[in-house]
Protein chains: 2
Amino acid sequence: MNVSSIIEKLHDRDPRAIARAITVVEDNAPQAEDILSSLDRSRIDHALVVGFTGPPGAGKSTLTNQLIKVCRAGGSRVGVIAIDPSSSLSGGAVLGDRIRMMEHATDPDVVVRSMASRGRLGGLCAAAGAVSRVMAASGCDIVIIETVGVGQLEMDIARLADITTLVLAPGLGDEIQAMKAGVLEIADLIVVNKADLPGSDNLMMDLQALRSDGLAILSTTAVNGDNVVELYETLTALDKEQQENGSRRQRRHDGAVLEIIDWAMDMVRPIIKERAVFLQQTDDPRQAARLLVDGFLHEKE
Amino acid sequence: MNVSSIIEKLHDRDPRAIARAITVVEDNAPQAEDILSSLDRSRIDHALVVGFTGPPGAGKSTLTNQLIKVCRAGGSRVGVIAIDPSSSLSGGAVLGDRIRMMEHATDPDVVVRSMASRGRLGGLCAAAGAVSRVMAASGCDIVIIETVGVGQLEMDIARLADITTLVLAPGLGDEIQAMKAGVLEIADLIVVNKADLPGSDNLMMDLQALRSDGLAILSTTAVNGDNVVELYETLTALDKEQQENGSRRQRRHDGAVLEIIDWAMDMVRPIIKERAVFLQQTDDPRQAARLLVDGFLHEKE
């Protein structure tokens, strides 16, 4: 398939063309730039990008799954990007997502992609942002980016979303650390999932006490769908507010800057790597790196 | 303290100068290059760098602690770098190391540094390599680099070591995934810790069946010190072998290349970042990044 054919078909919601475009973009293959620059911009502007982040075990996948149901019941087309930045050692999570997502597997209006680091550092934030635009251009009204964990990479990916949702659950022992990690600062919404478990009231109270202005807190029990409609309504209300007050526009700009940095680093890495392997003098790696970077920046003088 | 004074004192094993040098190097502060290029190279050549990697819960910290005891009993000076690349959400591990390491806190011949990502992506591999050289130059005969998890970053850090040790334990459910993740390929030694737990015999058998030539497997029960002397002897025997057959030299070169790439990326990142934040046109981040990198590489023409 050539680029114009991929583009035409993905705008027509053709599953094969969408899958193909996502793969090209994710791999940063030669056609990636042409595909990304030909996407329907009005659809990208239209789609709401929601990020779900939080510690493993908080029930993000189950929540995503329930939210898909609510979206579909309302006629919205949904994209889901499930990201596990760590190696296959924690690949169970991605596999789990896939399995749980199976109930939507035959629904052409649910577009799902799991992404892992594939043995590379970097580039995942760039790829996630680009894939979310492909999904939006294919007509998705909402794109959910789900990340496992709340490390730096996950926080960067969360910043790509219009609305960042931190999903917690009682008994994970990570609640207080989450506060310290600064995740609260980037969250627009906190969901206390597994609200049926003991400890959820205390967790809600702790969070109420800690929250800053404008941070919404909601409890859900994803496993039986409790309050997921309310979650959907909260998300759309927050989005409406952010569109009206201009913060969505600002966030998209800020997210784009993060993505640009990640793309640029990903483009520079092979150049640096190629030069590094040919270095003879490696006794002092920091000095070798400085000389390499100096040469790299000034050799065209 | 100026650089020559720091260098002189750290070569004299002065704890304050060592701590100061490590901080400068870890932060990549202005004095870093001068410090790193002035380190006693014969001591760096002398020190054995051992990497411990493996899933959380395998008992790496307890094992490290016991190995320190064995080293100290034999008169060796020890450096320990405990790395947790994820955010403070899993910071418990680092804190745990620190607490467990407390029993050596008053021993001037045990140099310990915990390192976390500090909210940055990248640079951790570079910093770990450089800090291990500072420790070696301060007279450490053995430097242990302990990482949590077996993601790409951890595997890169593990490659900085002369001997990479994969620490597993029965019942973590991660054993088979570890194989798939390719960790086995970079390991020189596998330690099945918690050998007193049920399932350890089966795990040993599975590993024996999977192992490639030259991969040593050892079982320990770190919590009561069982077989830790044997671990130490295995490490020194492996090191002797690698020094004799030239593979230590080759590994140090390969590790240096990885470290150079990480330093270089870390030096390039702020330049890219500074340019990205001033971009006006951010609708197509991948294209914006390409233009940025193109300009960056060719502007001096």
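**Entry 1: strand β2 of chain B**

I looked up V80(B) first and found that V80(B) stands opposite I144(B) in β4(B). The model is predicted, so I treat every value here as computed from predicted coordinates. I then counted the bridges between the two strands: β2(B) and β4(B) are joined by six, in the parallel sense.

On its other pairing, β2(B), which spans residues 78-84, runs parallel to β3(B) with seven bridges between them. One pair I noted there is I83(B), whose bridge partner in β3(B) is M115(B).

I next asked how many residues of β2(B) are buried. The count is seven of seven, and I put the strand down as mostly covered. I sorted these residues by face. V78(B), V80(B), A82(B) and D84(B) lie on one side, G79(B), I81(B) and I83(B) lie on the other, and all are buried, so I note that both faces are covered.

**Entry 2: the sheet and a helix across it**

I traced the sheet of chain B as an open one of seven strands with parallel pairing, in the order β3-β2-β4-β1-β5-β6-β7. Its edge strands are β3(B) and β7(B), the latter at residues 216-219, and each pairs on one side only. From one strand to the next I get an average twist of 20°.

I also checked what α5(B) lies across. The list I got is β1 (48-53), β2, β3, β4 (142-147), β5 (163-168) and β6 (189-192) of chain B. The angle I recorded for α5(B) against β4(B) is about 175°.

**Entry 3: a salt bridge from α5 of chain B**

I stayed with α5(B), residues 60-73, because R72(B) lies in this helix. R72(B) forms a salt bridge with D107(B), with the closest N and O atoms 2.7 Å apart. D107(B) lies in the loop between α6 (92-101) and β3 (110-116) of chain B, so the pair ties together parts that are 35 residues apart in sequence. I list R72(B) as partly exposed, at a relative accessible area of 23%.

**Entry 4: salt bridges in chain A**

Over all chains I have 35 salt bridges. In chain A I looked at two pairs that involve helix α13.

The side chains of E259(A) and R133(A) meet in a salt bridge at 2.8 Å, N to O. E259(A) is in helix α13 (residues 247-276) and R133(A) in helix α7 (residues 124-137), so this pair ties together parts that are 126 residues apart in sequence. Both E259(A) and R133(A) are buried.

For R252(A) and D162(A), I find a salt bridge with the closest N and O atoms 2.7 Å apart. R252(A) lies in helix α13 of chain A and D162(A) in the loop between α8 (152-158) and β5 (163-168), so the pair ties together parts that are 90 residues apart in sequence. Which of these two partners is buried? I find that D162(A) is, with a relative accessible area of 1%. R252(A), at 24% relative accessibility, counts as partly exposed.

Last, I noted a network of salt bridges in chain A that links R13(A), R72(A), R77(A), D107(A) and D109(A).

Methods
Residues numbered from 1 in each chain as written. Chains lettered and ligands numbered in written order. Predicted model: local features only at pLDDT ≥ 70, side-chain atom pairs only at ≥ 80, totals over all residues. Heavy atoms only, no water. Salt bridge = Lys/Arg side-chain N within 4 Å of Asp/Glu carboxyl O. Helix = DSSP H or I, 4+ residues; strand = E, 2+ residues; numbered from the N terminus. Buried < 20%, exposed > 50% of the residue type's maximum accessible area, 1.4 Å probe, protein only. Pairing = 2+ DSSP bridges. Axes fitted to C-alpha atoms, helices over the stretch in contact; angles between N-to-C directions. Contact = heavy atoms within 4.5 Å.
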